[in-house]
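Student: Can we go through this one together? I'd like to start with the empty spaces and then look at the packing.

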Amino acid sequence: MLNKSQIAYCLETIGTMFPDAHCELNHSNPFELTIAVLLSAQCTDALVNKVTPGLFEKYKTPEDYLKVPLEELQDDIRSIGLYRNKAKNIQKLCELLLNEYSGKVPEDRDELTKLPGVGRKTANVVVSVAFGLPAIAVDTHVERVSKRLGICKWKDSVLQVEETLMKKVPKEEWGVTHHRLIFFGRYHCKAQSPKCPECPLLELCREGQKRMKLKAKKAVTRSDAKHS
């Protein structure tokens, strides 16, 4: 496991690699961001960004989403995975916003998680990005990078990863750390074929070192087989 100074070095290095790391979901207000993050579950931001321009042009308020039949909303987001369930959650969310929150997205994370389709990760993204409050949202990229680097344990749950990061990263850096880890995981330390040979963090990365040793071992095996 990395100590605090090693973690700080990793995050500083990642920050140098991705100085412009940011939320890649297109939105212009907290409500649109909430809808976009809800749609992004088990789906890429790039695909969501193809759907939301037309969606946000058609639906500007919670009332707009409730004016149409469920089937029409489903058709509008059909290209996104789990679109039936997401459409149901969007309409339920909009109904709750109108009934309980005067049609506005709440700033409090616990209140946000009461909304249909909004889990802890979604709530943390909205709190951090839309309202500028300190939060770390743990998606698949953040979890993978944290575990590969040894910031967290392999067996840690998503909540434990979040709690560990909050303990080991200064509070004022939570938001930017979330985006940097996502960019690092999305464009460098990928789930498949991570760029270990060229990674500036290889000396500290237990997973990267293991992968490089395995790669070298396979190369030797192939060489031996070729000359036998």
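Tutor: Here we take the pockets, then the cavity, then the cores and one helix. Keep in mind that this is a predicted model.

Student: OK, pockets. What volume does the largest pocket have?

Tutor: About 620 Å³. It has 27 lining residues, and S40, C43, D45, K121 and D139 are the closest to its centre.

Student: Which helices supply at least two residues each to that lining?

Tutor: α2, α3, α8, α9 and α11.

Student: And how does the lining of the largest pocket split by class?

Tutor: Ten residues are nonpolar, eleven polar and six charged.

Student: Next, the second largest pocket. How much space lies in it?

Tutor: About 210 Å³. S193, P194, C196, P197, R211, M212, L214, K215 and K218 line it. Five of these are nonpolar, one is polar and three are charged.

Student: Switching to closed spaces. How many cavities of 30 Å³ or more are there?

Tutor: One. The space in the largest cavity is about 110 Å³.

Student: Which residues lie nearest the centre of the largest cavity?

Tutor: C189, P194, C196, C199 and C205, out of 14 lining residues. P194 and C196 also line the second largest pocket.

Student: Which element gives the largest share of the cavity lining?

Tutor: α12, with three residues. Both α9 (140-149) and α12 (206-227) supply at least two. By class, the lining has eight nonpolar, two polar and four charged residues.

Student: On to packing. Which residues touch the most other members in the largest nonpolar core?

Tutor: I35, L55, Y65 and L93, in a core of 37 residues. α2 (30-39), α3 (45-58), α6 (83-100) and α8 each give two or more residues to this core. The largest share, seven residues, is from α2.

Student: Take L93. What is it in contact with, leaving aside neighbours within four places in sequence?

Tutor: F31, T34, I35, L38, L115, P116 and V118. Apart from this core lies another, of 26 residues, including I7, V169, L181 and C189. C189 is also one of the residues nearest the centre of the largest cavity.

Student: Last topic, α10. Which of its residues are buried?

Tutor: V161, E162, T164 and L165, in a helix that runs over residues 158-168. Down the axis of α10, the buried residues fall within an arc of 165°, so they line one face of the helix.

Student: What covers the buried residues of α10?

Tutor: The cover includes α7 (109-112), α8 (120-131), α9 and α11 (174-187).

Methods:
Residues are numbered from 1 along each chain as its sequence is written. This is a predicted model: local features need pLDDT of at least 70, side-chain atom pairs count only at pLDDT 80 or more; totals for chains, interfaces and linings use all residues. Side-chain values use heavy atoms; hydrogens and water are left out. On a 1 Å grid over the protein atoms alone, a cavity is a set of points where a 1.4 Å probe fits but cannot get out, and a pocket is an open set with protein on both sides within 12 Å along at least five of seven lines; lining residues have an atom within 4 Å of a point. Grid points are joined across faces, edges and corners, and a volume is the space filled by probe spheres set on the points. Helices (H or I, at least four residues) and strands (E, at least two) are DSSP runs, numbered from the N terminus. Ala, Val, Leu, Ile, Met, Phe, Trp, Tyr, Cys and Pro count as nonpolar, Asp, Glu, Lys and Arg as charged, and the others, Gly among them, as polar. Buried means under 20% relative accessible area, exposed over 50%, partly exposed in between (1.4 Å probe, protein chains only). The arc is that of the directions from the helix axis to the C-beta atoms. Contact means heavy atoms within 4.5 Å. A nonpolar core is a set of buried Ala, Val, Leu, Ile, Met, Phe, Trp, Tyr and Cys residues joined through side-chain atoms within 4.5 Å.
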